[in-house]
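Subject: Structure for you to look at

Hello,

Here is the structure I said I would pass on. Please open it alongside this note.

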Amino acid sequence: MANLISFHDVAKHKCKNDCWILIHGKVYDISSFIDEHPGGDNVLLAVTGKDASTDFDDVNHSNEAKETMKKYCIGDVDKSTVPVTAKYIPPWEKESTAETTKEETGNKMLVYLIPLLILGVAFFLRFYNNKLADKLKD
């Protein structure tokens, strides 16, 4: 059975000489590897104290790098101790509710109605001003 490590314990090891990281539920003690990391030690130190899975996947590590990781694995994280973080959802991917849709439709209509209203008032005033000028001439 694998060694079960709490997230709190992982987060305690966050300095260059004592560095643990969490990737895909596995805990890695990379203290002896940190100076050899091709991306530099700052990259690794930046992901301590959190789940570094997304950061790891974003780099698209080679199969060789993934094999090398195995020798630094010291156990599995106790998933019940990992804090839940809200996943970022870009505004264009959020589901819109009926209320939001009505509000957005109203806002879009105002964008067009206000300039039209101003234009209508301007034409009315110009027309009224011309009629008034014509009456004064007579």
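Below is what was found in it, pockets first and then two backbone positions.

This is a predicted model, in which local features need pLDDT of at least 70 and side-chain atom pairs count only at pLDDT 80 or more, while totals for chains, interfaces and linings use all residues. Residues are numbered from 1 along each chain as its sequence is written, and side-chain values use heavy atoms, without hydrogens or water.

Pockets (on a 1 Å grid over the protein atoms alone, open sets of points where a 1.4 Å probe fits, with protein on both sides within 12 Å along at least five of seven lines; lining residues have an atom within 4 Å of a point):

- The largest pocket has a volume (the space filled by probe spheres set on the points) of about 460 Å³. It is lined by 22 residues, and F33, H37, L44, F56 and H61 are the closest to its centre. Its lining divides into 15 nonpolar, 5 polar and 2 charged residues.
- The second largest pocket has a volume of about 200 Å³. F7, G49, K50, D51, T54, D55, V82, P83 and T85 line it.

Backbone:

Most residues other than glycine have a negative phi. H24, not a glycine, has a positive phi of about 50 degrees; H24 sits in the loop between β3 (18–23) and β4 (26–29). N60 also is not a glycine and has a positive phi, of about 60 degrees. N60 is exposed (over 50% relative accessible area, 1.4 Å probe, protein chains only), at 66%.

Strands here are DSSP runs of E, at least two residues, numbered from the N terminus.

Regards

Notes. Helix = DSSP H or I, 4+ residues; strand = E, 2+ residues; numbered from the N terminus. Buried < 20%, exposed > 50% of the residue type's maximum accessible area, 1.4 Å probe, protein only. Nonpolar A, V, L, I, M, F, W, Y, C, P; charged D, E, K, R; others polar.
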